[in-house]
Structure formats: structure tokens, C-alpha cells
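Me: Please take a close look at one part of this structure for me. I would like to follow the lining of the largest pocket, and then what lies around it.

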Amino acid sequence: MAALAATRNLISIGEALRLVLERAQPLPEESSGIEAAFGRVLADDAVSAVNLPPFDSSAMDGFALRSSDTPGHLPVVHRIPAGTPAPRSLEAGEAMGIATGAVVPEGADAVIPFEYVVENDNEIEIEHAVERGANVRPAGGDIGAGQTVIEAGARLEARHLAALAAAGIPEVRVAQRPRAAVVVTGSELRPPGEALAPGQIYEANGILLEALLASAGADVERAPSVADEETAHREALERGLDADVLVTSGGVSVGPHDLVRAILAELGVEEVFWGVSVKPGKPISFGVAGNRLVFGLPGNPVSVLVGFELFVRPALLTLQGSADPGPRFERGVLGSQLTRNPARDELVRARVRRPSDGPVVEPLAGRESHMIARAAGADALVLIPHGEGDLAASEPVEFLRI
């Protein structure tokens, strides 16, 4: 009965996410040169400084000409390299050699590639008519000066930076990076490389969280793991509360050494929820201290991964003003049969295959929350809704890429 009562008190993934996101307030803005803007979230629309391209330009190496002069024989009166305009307008009955990206001269309305002409003694022979506008990139054909290149809320990737540079935008307004602190608890934890005594294990959650936080745009401070002792917990958590986001690992369940929630309450953190109907990760807690967000994740590494992708990453992106903080579930079909959990939704590690008819997510062996080594082979978490019975192979499912 107690277990059933505990299950009834759990909140859904959707409700937990709503409670997190409504408390994540965007951080202040700042300016950033585009060279340093990768991964940042635009606070304002980025507006082009120029027409792109700025002038009518050639899409091919070839000859600029008037389409009305084709077919026929035309003298080549000049050759235009990229970066140098023609010395004069093109007159009727003549052609100019032109490089890809060079300025199409006044008077020309088409470019014919080298391979479609016969050239002899600075004269070209054109056998077929050339269409007006052929191989000419019109000024502003990509975007016009004053038009929006990238809208506010976009997280800047490499393609965005190239577009900003081409549009003559040297710097952008972006949200400040969230400052994140990681506190990992557990007296049994030791750094990789040290000899293990009986009962000890290597600490993996700290480096996992540091990498995940950085991938979501945060500046991260990670302290050494903390022993299960009140004074050590209090000192580490108090330091962590200086950050915009504090993420802890371990110590959020109901055992005698689970100290995190009680000490956070003493330090002024208002607990918003504790316990989500998800496997793995049921004991996840979330609280606030002013505008600071505090996530208490369980100690098992796969629970950390699941809790981060469901709740922490969307919160970090919301702090940065993202228009689409996620989590971004995609649709696919199940690659093999899975038994459902009757009480909780489950995120199962899987690999994505891409046959011609769409993504297939193939669950991996080993569904226990401590099996981080097996998680290394996964590139997705497939969502298995709670219920009775099995989900058969080929049934539609949703999945998160990791």
C-alpha cells in the first residue's frame, strides 16, 4: 500500500517540466562578437547590413553577355576577376570573361559557362540562345539589407555564424551564459585512477553533468565529490547556490545518508516538487531560491542522464531565451518488443537505425539505472508510456537523441 501511495504522489513528466519552465526566467542580455557566439542564444533579431549578394554576381566561370546577342560570335573585350568590377559597361555585340562571384557588368544580363562556348583569338562562338538571367545571382537574391537573417531565440550553430558574417553583422545581442554548479555526493566515490577499497566506486556523474551542462551553453564549476556528512554537504551546497543553476547528484532519496533536500531547505531553497513518474529517475527534486534553479538528481548515472535531458537542459535553454527549449522528441518505430512499466513512463536507452521508411529505435540490453557503460552505446532515449503488457516491434514511439 505504501508503494502505491508513493506512486500516486508522483507527478507526470509533463507536469514536472511545466513547473520547471515557468520558473526559469531569461537571463540578461549582452553583446558578443560572432567569433565567440557559437552556441549562444540570440536575444534580438539579427538584421542584414547589406543586400546579399551586394551586387549582381556570376554563378559560374564563363562569359558575361547580352542574351539578345545569342546565338552568335562575340569578341571578348575584358576579363573580370572576383573582387574587381568591370572598367565599363558591356556594349551590344560583345562579351567579357568573368570569374565565379565577380560583378556582372552593366549591360550584361546573362553568363554562359566556359564549357558551352568555343573560344578562339579573344572571340567566342555561342551555338544556342542563352536565357536572360542565366547564371546570374541577382543583388539581394538571398536577403535584402534590413531584413532579418536569424530570429531571436535561435541557438547559434555554424551555419548561423556563416550567415551572420555574410550579411555583414560583426556582433549580436545574446543572453548571458548561465553559471552552473555541480555537487556530487557520496562517501563511496573516488576519482578515476585511484585504487578502490571495498565498497568504493569510481565517480562518473560529475564529469557527465559537467559535459551535459556545457553542451547546453552553461559555464560550469564542478567541485570534488562530497562525503555523506552534514558539514561537508552544507558547505558545498551553499557555494553551489551562488550559481544560476545548481545540479546535485545523489542524496535525494529517503535513506539515512540522503541529506541534500533537508540541507537545501535549511539554506532557503523552496522545493517545488520531489518525485516524478519516470523510470529511471523517480526521486528527482526541483526547487528555487529567488531566480536560482536547483535540481536534485539521483545518484545512478543513467538517472542523471534522463533527468538532465528531460528537465535541466530545457531549463538552461529557457534561461538563455531559446524559442524551442525542448525536450525535442522525434517520432520513429520500435525495433523490438519491450515490456511496459505499469506505473511509470520509462526512458529506455536505444540506438537509432535509419532505413528508407524512417527512424527505427532499437532498445539496448540492460535497463537498470546504474548501467552507464551500456549507455555509452546509445544515441537515443525511447519513451515507453506506462501501462500493462508489451509494446510490439514496429509500434510508433517517441525518442530523444542523446
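Reply: Start with the make-up of the lining. In the largest pocket, nine lining residues are nonpolar, six are polar and nine are charged. This is a predicted model, so keep that in mind throughout. The space in this pocket comes to about 500 Å³. Its lining counts 24 residues, and R155, R313, L317, D324 and R328 are the closest to the centre.

Now see where the lining comes from. Three elements each supply at least two residues: α3 (158–166), α7 and β28 (396–401). Helix α7 gives the most, with four residues.

Follow α7 away from the pocket. This helix spans residues 301–319 and packs on a sheet, where it touches β17 and β21. The direction of α7 makes about 175° with that of β21.

Next, the two strands that α7 touches. β17 (residues 245–249) and β21 (residues 292–297) run parallel, joined by five bridges. Within this pair, V247 stands opposite F295 of β21. In general, strands of a sheet pair through backbone hydrogen bonds, either parallel or antiparallel.

Step back to the whole sheet. It is open and has six strands, in the order β16-β13-β17-β21-β20-β18, with mixed pairing. At the edges are β16 (219–222) and β18 (270–274), each paired on one side only. From one strand to the next, the twist averages 20°.

Last, a look at the second largest pocket. It holds about 300 Å³ of space. Its lining has 21 residues, with T185, E188, L189, I201 and G299 nearest the centre. By class, seven are nonpolar, 10 polar and four charged.

Definitions and conventions: Residues are numbered from 1 along each chain as its sequence is written. This is a predicted model: local features need pLDDT of at least 70, side-chain atom pairs count only at pLDDT 80 or more; totals for chains, interfaces and linings use all residues. Side-chain values use heavy atoms; hydrogens and water are left out. Two strands pair if DSSP finds at least two bridges between them. Axes are lines fitted to C-alpha atoms, for helices over the stretch in contact, and angles run from 0 to 180 degrees between N-to-C directions. Contact means heavy atoms within 4.5 Å. On a 1 Å grid over the protein atoms alone, a cavity is a set of points where a 1.4 Å probe fits but cannot get out, and a pocket is an open set with protein on both sides within 12 Å along at least five of seven lines; lining residues have an atom within 4 Å of a point. Grid points are joined across faces, edges and corners, and a volume is the space filled by probe spheres set on the points. Ala, Val, Leu, Ile, Met, Phe, Trp, Tyr, Cys and Pro count as nonpolar, Asp, Glu, Lys and Arg as charged, and the others, Gly among them, as polar.
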